[in-house]
Amino acid sequence: MKNVRRVIRGTAYIPVHDPAHPDIGWGVLRRQLDDTTNSLPAFVQTKLQPMKREIPGEAWERSCWRDDVLLPPSAVDDLYDPRVLCERYEATALPDLKNLALVITIRLRGPKPMHVHWERVRSFAHQRFATERRLAVILVAHVPAHAGSRAANHIHLVVPARELTAQGFGAGIGRLASDRGLPEIAGEWAAWA
């Protein structure tokens, strides 16, 4: 596996790229990484705005292709807004919380239209994370060609690292919030796709 530290507009994490799973990028956004203190809202903003625009007062504006929030069935409706979800997560963070979120990137291959890929990834994330694991998911789709890049289209799944119930954020997600989670999720994605 290849691990390279990435710093994106003040947030830092180490994505893991495993040759055995070339279409999946995996990382754990940690509260503290070296000299960088991360927050979930700041990280999600970097995903929602891949083409950063400096517009005062518009921190949550989007330049991504599409985004959505998926919630477990028992979660309250106001968390459908990514800003509210991220800010509530931070406001209720446990003092010793080390892992903020899973960051999964699914690289899209083939000639299918983007909306077809979107719905496939969205249904996977809804079933495997929101329904089965009771986790919130912020989906963010990027079409790098819009910024002049040849990189593959991809969809990020940013998964806060605590279960979400009717009472709010609860237990941490244990082994899934580590590099050991990659083979589990990659296997589930391969079976789904």
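Q: Which residue offers the backbone oxygen that the side chain of Thr46 reaches at 2.6 Å?
A: The model shown here is a predicted one, and within it Thr46 has its place in helix 1. A polar contact requires a pair of N or O atoms within 3.5 Å, and the side chain of Thr46 meets a backbone oxygen at 2.6 Å. The residue that carries this backbone oxygen is Phe43.

Q: Is Thr46 buried or exposed?
A: A residue counts as buried when its relative accessible area is under 20%, and as exposed when that area is over 50%. The relative accessible area of Thr46 is 7%, and therefore Thr46 is buried.

Q: How many of the nine residues of helix 1 are buried?
A: Helix 1 covers residues 40–48 and is mostly covered. Its buried residues are Leu40, Pro41, Phe43, Val44, Gln45, Thr46, Lys47 and Leu48. Of the nine residues in helix 1, the number that are buried is eight.

Q: At the start of helix 1, which residue has the backbone nitrogen that a side-chain oxygen of Ser39 approaches?
A: The contact sits at the start of helix 1, where Ser39 contributes a side-chain oxygen. That oxygen comes to within 3.2 Å of a backbone nitrogen, and the nitrogen belongs to Ala42.

Q: How far apart in space, C-alpha to C-alpha, are Leu48 and Arg31?
A: Leu48 is found in helix 1, where it is buried with a relative accessible area of 1%. Among the residues that Leu48 touches, leaving aside those up to four places away in sequence, are Trp60, Cys64, Pro82 and Val140. Leu48 and Arg31 are 17 residues apart in sequence, while in space, from C-alpha to C-alpha, their separation is 20 Å.

Q: With which residue does Glu90 form a salt bridge?
A: Side chains of opposite charge can pair when their charged atoms come close. In the salt bridge of Glu90, the closest N and O atoms are 2.9 Å apart. The pair links distant parts of the chain, since Glu90 lies in helix 2 (residues 82–91) and its partner lies in the loop between strand 5 and strand 6, 59 residues apart. The partner of Glu90 is Arg31.

Q: Is Arg31 buried or exposed?
A: The limit for a buried residue is a relative accessible area under 20%. Arg31 has a relative accessible area of 19%, so Arg31 counts as buried.

Q: Which residue forms a salt bridge with Arg88?
A: Arg88 is in helix 2, and its partner lies in the loop between strand 8 and helix 2, 10 residues apart. Arg88 is partly exposed, with a relative accessible area of 31%, and the partner, at 39%, is partly exposed too. With the closest N and O atoms 2.7 Å apart, the residue bridged to Arg88 is Asp78.

Q: How far apart are the closest N and O atoms of Glu184 and Arg175?
A: Glu184 is partly exposed, with a relative accessible area of 25%. Glu184 and Arg175 belong to a network of salt bridges that also links Arg128, Glu132, Arg133 and Glu188. In the salt bridge between Glu184 and Arg175, the closest N and O atoms have a separation of 3.0 Å.

Q: Which helix gives the largest share of the largest nonpolar core?
A: The largest nonpolar core has 57 residues, and Trp26, Leu85, Leu102, Phe129, Leu139, Ile155 and Leu157 touch the most other members. Ile155, for instance, has contacts that include Ile104, Met114, Trp118, Val121 and Leu139. The largest share of this core amounts to seven residues, and the element that supplies them is helix 3.

Q: Are the planes of Phe124 and Trp192 stacked or edge-to-face?
A: A pair of aromatic rings is described by the distance of the centres and the angle of the planes. Phe124 is in helix 3 and Trp192 in helix 4, 68 residues apart. Their ring centres are 5.8 Å apart and their planes stand at 65 degrees, so the pair is edge-to-face.

Q: What is the bridge partner of Arg162 in strand 13?
A: Strand 12 and strand 13 run antiparallel and are joined by three bridges, and they form a hairpin with two residues between them. Within strand 13, the residue that partners Arg162 is Gly172.

Methods. Residues numbered from 1 in each chain as written. Predicted model: local features only at pLDDT ≥ 70, side-chain atom pairs only at ≥ 80, totals over all residues. Heavy atoms only, no water. Salt bridge = Lys/Arg side-chain N within 4 Å of Asp/Glu carboxyl O. Helix = DSSP H or I, 4+ residues; strand = E, 2+ residues; numbered from the N terminus. Buried < 20%, exposed > 50% of the residue type's maximum accessible area, 1.4 Å probe, protein only. Polar contact = N/O pair within 3.5 Å; in protein donor to acceptor, adjacent residues only side chain to side chain. Core = buried A, V, L, I, M, F, W, Y, C linked by side-chain atoms within 4.5 Å. Contact = heavy atoms within 4.5 Å. Pairing = 2+ DSSP bridges. Phe/Tyr/Trp six-rings, centres within 6.5 Å; stacked < 30°, edge-to-face > 60°.
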